[in-house]
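Visitor: Could you walk me through one part of this model up close? I'd like the strand pairing and what packs around it.

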Amino acid sequence: MQAWQVHELGEPGEVMRLAEVARPAPADGQVLLKVRAANVNFPDALMCRGQYQVRPPLPFTPGVEICGETEDGRRVIANPALPYGGFAEYAVADAAALLPAPDALDDAEAAALHIGYQTGWFGLHRRAGLEAGETLLVHAAAGGVGSAAVQLGKAAGATVIGVAGGAAKASVARELGCDVVIDRREQDVVAAVKEATGGRGADVIYDPVGGQAYAQSAKAVAFEGRIVVVGFASGSIPSPALNHALVKNYAILGLHWGLYNTKDPELVQHCHEQLTELAARGAIKPLVSERVPLAGAADAVQRVADGVTTGRVTVLPSPENGATA
């Protein structure tokens, strides 16, 4: 089979190599899956660089989120068991962690439903307790993680403010349903949030960016507001001033979704049931901006790493699944 492999650490576009390799053999408790679609995530790039908390042995195949097909023909969503990741024709995954792919979504959309939407659901509902009528601020609203949070926020009855960089991404944020869109390149984010909320600030802030975005969050959060720290796509990890959180009476909430897989896997299943229901009634639908063939995977991971994509970029190893160059 064909699979992308990383033999040395570095930028994805430089270290990912497409090769002919043997199909992986499932270990006890694992299953072999034909990859129908593999979603590109920022952690794929971090893994190529050796900067992610999970460091698979070299050589490894990146790709942490797929829609696959079991030997008996079932469509499933899975996180491949590294080092046999999803940017390949076949991958392996833990049998107990397989989730049914929603009928309402095609392969690319199903592949993009899992990590980003689970992270959004846990962040907004489990950690921040977002309520209908509250104001949600989403940084990088046009990105893969941000777009999921926007849709989930709207589905929960919140007023959603989206922050995006540039006119094109701001347009995508509007199409996603943001009630207010702030172009961080053209506007003062904090002033714009205060104007949109009558000076109160945002009740919940969803931050997958870190760096300057977090600094803006601390100034734009409302009384008894909650800042959900999801990641650091900017490459800069902020050091919060805890005296500021005390004086302004807001909460800083960390979210590492992967921990739920080991600490409370039943809650992951419950979340998937909630997401499947939302997808069935059209309340959420992953924004798949690009569907690329397997040969385009390295370029796709590099572009996601560079922050130049919107929504989700999905790799489709089988031409019959609709990949376009």
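Guide: Let's start with one pair of residues: Ala202 stands opposite Val221 in β12. That strand (residues 221-229) pairs in the parallel sense with β11 (residues 202-207) over five bridges. Pairing here takes at least two DSSP bridges between two strands; strands are DSSP E runs of at least two residues and helices are H or I runs of at least four, numbered from the N terminus.

Before going further, this is a predicted model, where local features need pLDDT of at least 70, side-chain atom pairs count only at pLDDT 80 or more, and totals for chains, interfaces and linings use all residues. Residues are numbered from 1 along each chain as its sequence is written, and side-chain values use heavy atoms, with hydrogens and water left out.

Now the helices. α4 (residues 114-127) packs on the sheet, touching β8 (135-138), β11, β12 and β13, where contact means heavy atoms within 4.5 Å. The direction of α4 makes about 150 degrees with that of β11; axes are lines fitted to C-alpha atoms, for helices over the stretch in contact, and angles run from 0 to 180 degrees between N-to-C directions. Helix α6 (residues 167-176) packs on the sheet too, touching β9 (159-164) and β10, at about 165 degrees to the direction of β10.

Zooming out, the open sheet has six strands in the order β10-β9-β8-β11-β12-β13, with parallel pairing. Its edge strands, β10 (180-183) and β13 (251-254), each pair on one side only.

Back in β12, check the backbone at Glu224: its phi is near 60 degrees, a positive value in a residue other than glycine.
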